[in-house]
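Please look over the structure below before reading on. The notes that follow introduce the ligand and its surroundings, and then two points on the backbone.

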Amino acid sequence: MRHLMSPLDFTTEELEKLFCLANDIENNKAKYAHACDGKIMATCFYEPSTRTRLSFESAMIRLGGQVIGFSDAGSSSAAKGESVSDTIRVISGYADICAMRHPKEGAPMVAMEKSLIPVINAGDGGHQHPTQTLTDLLTIRSLKGTLSGFTIGLCGDLKFGRTVHSLINALVRYDNINFIFISPDELKIPDYIIEMLKNKNIPYEEVNSLDEVMPQLDLLYMTRVQKERFFNEEDYVRLKNYYILDTEKMQLAKPDMLVLHPLPRVNEISVEVDNDPRAAYFKQAEYGVYVRMALILTLLELA
Ligand code: NCD
């Protein structure tokens, strides 16, 4: 039985297969409409989410399956003190596959060890968010035609942003990728990631100014300042509007640069940018459904 805890759980060849399947689903929706008839997905979300939970649910329903679950810890037995291990043992009897989001790093891993059904990590604290990474990779591959040979700027909260950590981990397996990390000093990328890049001899740069590097970028991955992971409100308020991507800044960018964002957006991308053909974040959210459909089929061995 297979689970998904980290994007590295799949080899790059397996990811290629998954992305081809996702593209096929996008182009032939009717072909997959009953692929999961009779199957049930449990979405166990101990932390708020709109996109991730609903995209899992939409993915399962579009495959003909059904969904059960909870969307906050308060409405589950966790509020009575039940452990994640016990919850998953019980859910193993109710569903065929489970997507779990938890504020504690490693919680989905604990669940996986006791689970009798495939478990998908739908985000664990500031750690990993593998299905967002699959979404990001599918978006880049579909819109740029390749997953190698580009300069990617990651901008905003690089300290707490789990989507950033997951994406970098996944991208280092492709050729000729140059990373530019754009953040205030307080929100710099964690040391363990810098160490990993150094060990692999992967080029990276850490800068403060978005304007300065804008002309070099093939991709700009914007992120939200992760309010819920700050220890004090004052720091959040000071940093939340540090970067705001607007049409003026977009004029500095290459004509084919793509703007990605895992969403939700707060102020970091001004709404006027939405009309720019380079703004790919809503399309990216749509790809999130196709890649989750492909993932469900793969983990249930129905692909
Ligand atoms: C991200 C997350 O939950 O980490 N959202 C998402 O899954 N699309 C990014 C964020 O919350 O800023």
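**The ligand and its pocket**

The space taken by the ligand is the largest pocket, where a pocket is an open set of points on a 1 Å grid over the protein atoms alone, with room for a 1.4 Å probe and with protein on both sides within 12 Å along at least five of seven lines. The model is a predicted one, in which local features need pLDDT of at least 70 and side-chain atom pairs count only at pLDDT 80 or more, while totals for chains, interfaces and linings use all residues. Residues are numbered from 1 along each chain as its sequence is written, and side-chain values use heavy atoms, with hydrogens and water left out.

**The shell around the ligand**

- Among the residues that surround the ligand (a heavy atom within 4 Å) are R51, T52, H129, R162, T163, R224 and P262.
- By class, this shell holds four charged, five polar and three nonpolar residues.
- Domain 1 (7-128 + 288-299) and domain 2 (131-284) each give at least three residues to the shell, and at least two come from each of the helices α2 (51-62) and α6 (162-171).

**Polar contacts (N or O atom pairs within 3.5 Å)**

- Oxygen atoms of the ligand lie 2.8 Å from an N or O atom in the side chain of Q226 and 3.2 Å from one in the side chain of R101.
- A nitrogen atom of the ligand is 3.2 Å from a polar side-chain atom of Q132.
- The protein buries 94% of the 310 Å² that the ligand exposes when taken alone, by the Shrake-Rupley method with a 1.4 Å probe.

**Backbone points**

- The peptide bond from L263 to P264 is cis, with omega near 5°, and P264 is placed in the loop between β9 (258-260) and α11 (281-299).
- N176, a residue other than glycine, has a positive phi near 50° and lies in the loop between α6 and β6 (177-182).

Technical notes: Polar contact = N/O pair within 3.5 Å; in protein donor to acceptor, adjacent residues only side chain to side chain. 1 Å grid on protein atoms, 1.4 Å probe; cavity = no way out; pocket = protein on both sides within 12 Å on 5 of 7 lines; lining within 4 Å. Sits in = over half its atoms within 2 Å of the grid points. Helix = DSSP H or I, 4+ residues; strand = E, 2+ residues; numbered from the N terminus. Nonpolar A, V, L, I, M, F, W, Y, C, P; charged D, E, K, R; others polar. Domains from an automatic or database assignment.
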